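The exercises below are to be worked with the sequence and the coordinates open. Each has a task sentence and a solution in steps.

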Amino acid sequence: QLSLFRLTLKRLFSTSHSSVDPLEMKKFQLLAQKWWDEEGEYSALHSMNDIRVPFIRDTLLNMSRNFRLGNPLYGVKILDVGCGGGLLSEPLGRLGASVTGIDPVEDNIRTADQHKSFDPVLAKRIQYKSSSLEEIVEESMETFDVIVASEVVEHVADLEMFIKCCSQVLKPEGSLFITTINKTQLSYVLGIVVAEKIMGIVPEGTHEWKKFVPPEELQHLLESNGFSVKTVSGMMYNPLSGLWSWVENTSVNYALHAVKSGAQRQSDSADTPSELQSEEPSGTAG
């Protein structure tokens, strides 16, 4: 009876205070079958892989001396938060990583599971779970080497809680990769007016400008929760070519890499925001 009482309390807590926004879930529920249509609503996310996958891969290889030819991320445990239909989980799995993809929308997970089943190698390397981040914290404390939250933080209900949970499930000195949208007038014009209302690059209503996160705010939240921000770089989407590129300007889209402080190591006070901004991600798609 006591364990049942605890379970009930846990469920009450998790539903009453969650980083998952029910309205955001409904948006993505309607599009769950369309993840793997490269010409459809998620075409910009498909092409984003051309820069976000090498960014993750090369950053991790630069931090490690051990890698296997052909499977450079072999042995790396990655958590893909808000994995959707598996658009980023699959290429990370092909690089040899062991990937856990979580998403609160069950239909997204069904789509992701079905798609990975076509490739027996990926079927072994990737596991998907219909879950929010906070729901897996207890069973996954300091489990993962890497967390990827790509195009996710602009949809969460409680960003600080989300980052705290990331810290809890990451190993000391583990890496967190985030791509998201800045909160500027330009991001409103390009990200919502042009992308949603005029060109239809993403479905209308996908984004809310008030939930966009400036890099300075995200960096402050990360540093106050035990992370050291290493890289902040601008990204630009060209709707005519359908391609992404790295740019110095972070006023619309940007990518961030942060490292969780080690158990014995204090965060390096020598890192200054100006130095961090100057770092460029390496390479183009390999």
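**Exercise 1.** Locate Lys211, classify it as buried or exposed, and find the backbone oxygen close to its side chain.

Solution. Step 1: Lys211 sits in the loop that runs between α9 and α10 (215-223); helices (H or I, at least four residues) and strands (E, at least two) are DSSP runs, numbered from the N terminus. Step 2: Lys211 has a relative accessible area of 16% and is therefore buried. The classes are buried under 20% relative accessible area, exposed over 50%, and partly exposed in between, with a 1.4 Å probe and protein chains only. Step 3: a polar atom of the Lys211 side chain is 3.3 Å from the backbone oxygen of His155.

Two conventions apply throughout. The model is predicted, with local features needing pLDDT of at least 70 and side-chain atom pairs counting only at pLDDT 80 or more, while totals for chains, interfaces and linings use all residues. Residues are numbered from 1 along each chain as its sequence is written, and side-chain values use heavy atoms, with hydrogens and water left out.

**Exercise 2.** Work out the strand order of the open sheet and name its edge strands.

Solution. Step 1: the open sheet has 8 strands, and its order is β3-β2-β1-β4-β5-β8-β6-β7, with mixed pairing. Two strands pair if DSSP finds at least two bridges between them. Step 2: β3 (126-130) and β7 (243-247) are the edge strands, since each pairs on one side only. Step 3: on average, neighbouring strands of the sheet are turned by 20 degrees against each other, direction ignored. Step 4: for one pair inside this order, β6 (residues 227-238) runs antiparallel to β8 (residues 253-260) over 8 bridges. Ser228 has Val259 of β8 as its bridge partner.

**Exercise 3.** Which side chains meet Lys116, Lys171 and Lys210 in salt bridges?

Solution. Step 1: a salt bridge is a side-chain nitrogen of Lys or Arg within 4 Å of a carboxyl oxygen of Asp or Glu. This rule gives 11 salt bridges. Step 2: Lys116 meets Asp113 at 3.7 Å, N to O. Both residues belong to helix α5 (residues 106-116), 3 residues apart, about one turn of the helix. Lys116 is buried at 11% relative accessible area, whereas Asp113 is partly exposed at 30%.

Step 3: Lys171 bridges to Asp145, with the closest N and O atoms 3.1 Å apart. This pair links distant parts of the chain, with Lys171 in strand β5 (residues 170-181) and Asp145 in strand β4 (residues 144-150), 26 residues apart. Lys171 is partly exposed at 28%, and Asp145 is partly exposed at 23%.

Step 4: Lys210 meets Glu208 at 3.8 Å, N to O. Lys210 is exposed at 61% relative accessibility, while Glu208 is partly exposed at 27%. Step 5: Glu106, Asp107 and Arg110 are joined into one network by salt bridges that share partners.

**Exercise 4.** Place Asp50 and determine how far its C-alpha atom is from that of Trp244.

Solution. Step 1: Asp50 belongs to helix α3 (residues 43-63). Step 2: its relative accessibility is 39%, so Asp50 counts as partly exposed. Step 3: the C-alpha atoms of Asp50 and Trp244 are separated by 7.4 Å, although the two residues are 194 apart along the chain.

Note on methods
A polar contact is a pair of N or O atoms within 3.5 Å; within protein, one must be able to donate a hydrogen and the other to accept it, and residues adjacent in sequence count only if both atoms are side-chain atoms. Axes are lines fitted to C-alpha atoms, for helices over the stretch in contact, and angles run from 0 to 180 degrees between N-to-C directions.
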